[in-house]
Amino acid sequence: HTADIKIIGYGNTPKRAIEALILGMVNIIYDNEKVEKKESKEYVLEGKDILEVIYKVAKTVLEDAFYKDHFALRDIRVKNLKRVRLESKKYKWMCRFEIYGEKYDKEKHGFKKEVKAVTLHDINITKIMKTYWTAELVVDV
């Protein structure tokens, strides 16, 4: 039986809200407080809008870093998040982020629940106060 979990990340900027969102996602799978910052990986992504970028960041961390490379994340830093103008009044979004952690070890980091996929359902980022943002994402567990 499939189920969904909605994650909400909070921050004083869109970048910090996205970071909190990703940390919330990995903490569903394992205890990221037990992960040490031994290695880092950097990624550059682009999307047609900020929501697609959020989706791609979460998907990259889940599928590429965790499932493919068996990398457990302790922290994430969104280093660059910007809207880039293309020709004829069109734009794209660019994101550069770095993740810090180590090889996943079930004995050390534990295992809580499998996150099967990141979804586009209810994905959102909202400025809710002058300097306060929320980023939301639903994952399939």
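Here is a short conversation about a sheet and some aromatic rings in this predicted model.

Visitor: Let's start with the sheet of three strands; in what order do they stand?
Guide: Happy to begin there! The sheet is open, and its pairing is antiparallel. β2 (39-47) and β3 (71-85) each have a single partner strand, so they stand at the edges with one side left without a neighbour in the sheet. The order is therefore β2-β4-β3.

Visitor: How many bridges join β2 to β4?
Guide: These two strands run antiparallel, with β4 covering residues 91-103. One of the positions to look at is Gly 47, whose bridge partner in β4 is Trp 93. As for the bridges that join β2 to β4, there are nine.

Visitor: Which helix packs on this sheet, and what angle does its direction make with that of β2?
Guide: Neighbouring strands of the sheet are turned by 15 degrees against each other on average, direction ignored. Packed on the sheet is helix α2 (residues 50-68), which touches β2, β3 and β4. The direction of α2 makes an angle with that of β2 of about 145 degrees.

Visitor: On to the rings: how far apart in sequence are the parts that Tyr 10 and Tyr 132 tie together?
Guide: A search of the whole structure finds six aromatic pairs. In the pair of Tyr 10 and Tyr 132, the ring centres are 6.0 Å apart and the planes are at 20 degrees, under the 30 degrees cut-off, so the pair is stacked. Tyr 10 lies in strand β1 (residues 4-11) and Tyr 132 in strand β7 (residues 132-140), so the parts tied together are apart in sequence by 122 residues.

Visitor: Is Tyr 43, which pairs with Phe 97, buried or exposed?
Guide: Tyr 43 and Phe 97 are stacked, at 5.2 Å centre to centre and with 20 degrees between the planes. Tyr 43 lies in strand β2 and Phe 97 in strand β4, so their pair ties together parts that are 54 residues apart in sequence. Phe 97 has a relative accessible area of 0% and is buried. For Tyr 43 the value is 15%, and under 20% counts as buried, so Tyr 43 is buried.

Visitor: Which residue lies over the face of Tyr 91?
Guide: Two charged side chains are worth finding in the structure. Lys 37 lies over the face of Tyr 100, at 5.6 Å from the ring centre. Over the face of Tyr 91, at 3.7 Å from the ring centre, lies Arg 83.

Key
Residues are numbered from 1 along each chain as its sequence is written. This is a predicted model: local features need pLDDT of at least 70, side-chain atom pairs count only at pLDDT 80 or more; totals for chains, interfaces and linings use all residues. Side-chain values use heavy atoms; hydrogens and water are left out. Two strands pair if DSSP finds at least two bridges between them. Helices (H or I, at least four residues) and strands (E, at least two) are DSSP runs, numbered from the N terminus. Axes are lines fitted to C-alpha atoms, for helices over the stretch in contact, and angles run from 0 to 180 degrees between N-to-C directions. Contact means heavy atoms within 4.5 Å. Rings of Phe, Tyr and Trp (its six-membered ring) pair if their centres lie within 6.5 Å; planes under 30 degrees apart count as stacked, over 60 as edge-to-face and the rest as tilted. Buried means under 20% relative accessible area, exposed over 50%, partly exposed in between (1.4 Å probe, protein chains only). A charge sits over a ring if NZ of Lys or CZ of Arg is within 6 Å of the ring centre and within 35 degrees of the ring normal.
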